[in-house]
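Hi,

Here is the structure I said I'd pass on. Have a look at it first, and then read on for what turned up.

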Amino acid sequence: MVEVPGSHTGWTFVTNHARVLAAIADNPNIRIRDIAAHCRLTERAVQRIISDLEQDGYLSHTRDGRTNTYRIEPDKVLRHPAEAGLTVASLLSLLVQDETHRGRKPGGHAARLTDTR
C-alpha cells in the first residue's frame, strides 16, 4: 500500500488532477483506493479525475482481470494558457521521485521521467 502523507490544512500549489497523475506515474498499476489514500481524496473523486484525464487524452488504461494498468501520454501539452508548451512529462518531472531518492530531504530528488527534447 502507498504511504499516506500527514494531514494538511489550507491551500496547496498542486491540483488534485496533478496529484492523481503523479501517483499513477509513480506506479502504473496503483489501485484507486491507494491513489485516494495518498492524495487524501475519496475513491469517487479519483474515479472522476481519472475519467477527466482519459477523456482529454492524458491517460489511458488497460484492464487485466481486476487490475488496471495506466499509461500516461508524456508528450501531451498542458491545458492552461499559462503553461503553453509545457508537457505532462515536464510537470511529472517535478512531482515524481525516483525510488532510489525517496526519503531524502526536499530538493534532493531526481525526476524519474526523461526530457523528450
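**What I found**

Among contacts in the protein between residues at least 6 apart in sequence, 41% join residues at least 24 apart. Keep in mind that this is a predicted model.

Let's begin with the overall layout. The protein has four helices and two strands, and from the N terminus on they come in the order α-α-α-β-β-α. It has 117 residues, and 26% of them count as buried. The accessible surface comes to about 8,200 Å², and carbon and sulfur atoms account for 51% of that.

Now find helix 1, which covers residues 16-26. Its buried residues are Ala 18, Val 20, Leu 21, Ala 22, Ala 23, Ile 24 and Ala 25. What do the buried residues of helix 1 pack against? The list is helix 2, helix 3, strand 1, strand 2 and helix 4.

The contact with helix 4 (residues 88-95) is a nice one to look at on screen. The two helices pack at an angle of about 80°, and their axes are 10 Å apart. Angles of 65 to 115 degrees count as roughly perpendicular, so that is the word for how helix 1 sits relative to helix 4. On the helix 1 side you'll see Ala 18, Leu 21, Ala 22 and Ala 25, and they meet Val 88, Leu 91, Leu 92 and Leu 95 of helix 4. By class, this contact has eight nonpolar residues, with no polar and no charged ones. As for the spacing of those numbers, an α-helix has 3.6 residues a turn, so residues three or four places apart point the same way.

Next, the strands. Strand 1 (residues 59-64) pairs with strand 2 in the antiparallel sense, over six bridges. If you want one pair to look up, Arg 63 has Asn 68 in strand 2 as its bridge partner. The hairpin has two residues between the strands, and Gly 65 there takes a positive phi near 70°. Strand 2 (residues 67-72) also has two faces: Asn 68, Tyr 70 and Ile 72 are on the covered one, while Thr 67, Thr 69 and Arg 71 are on the uncovered one.

One last spot to check is Arg 40, in the loop between helix 2 (32-39) and helix 3 (43-55). What is unusual about its phi? Most residues other than glycine have a negative phi. Arg 40 is not a glycine, yet its phi is positive, at about 60°.

Cheers

Definitions and conventions:
Residues are numbered from 1 along each chain as its sequence is written. This is a predicted model: local features need pLDDT of at least 70, side-chain atom pairs count only at pLDDT 80 or more; totals for chains, interfaces and linings use all residues. Side-chain values use heavy atoms; hydrogens and water are left out. Axes are lines fitted to C-alpha atoms, for helices over the stretch in contact, and angles run from 0 to 180 degrees between N-to-C directions. Angles under 35 degrees count as roughly parallel, over 145 as roughly antiparallel, 65 to 115 as roughly perpendicular and the rest as oblique. Contact means heavy atoms within 4.5 Å. Ala, Val, Leu, Ile, Met, Phe, Trp, Tyr, Cys and Pro count as nonpolar, Asp, Glu, Lys and Arg as charged, and the others, Gly among them, as polar. Buried means under 20% relative accessible area, exposed over 50%, partly exposed in between (1.4 Å probe, protein chains only). Two strands pair if DSSP finds at least two bridges between them. Accessible areas come from the Shrake-Rupley method with a 1.4 Å probe; for residues, only the protein chains shown count as cover.
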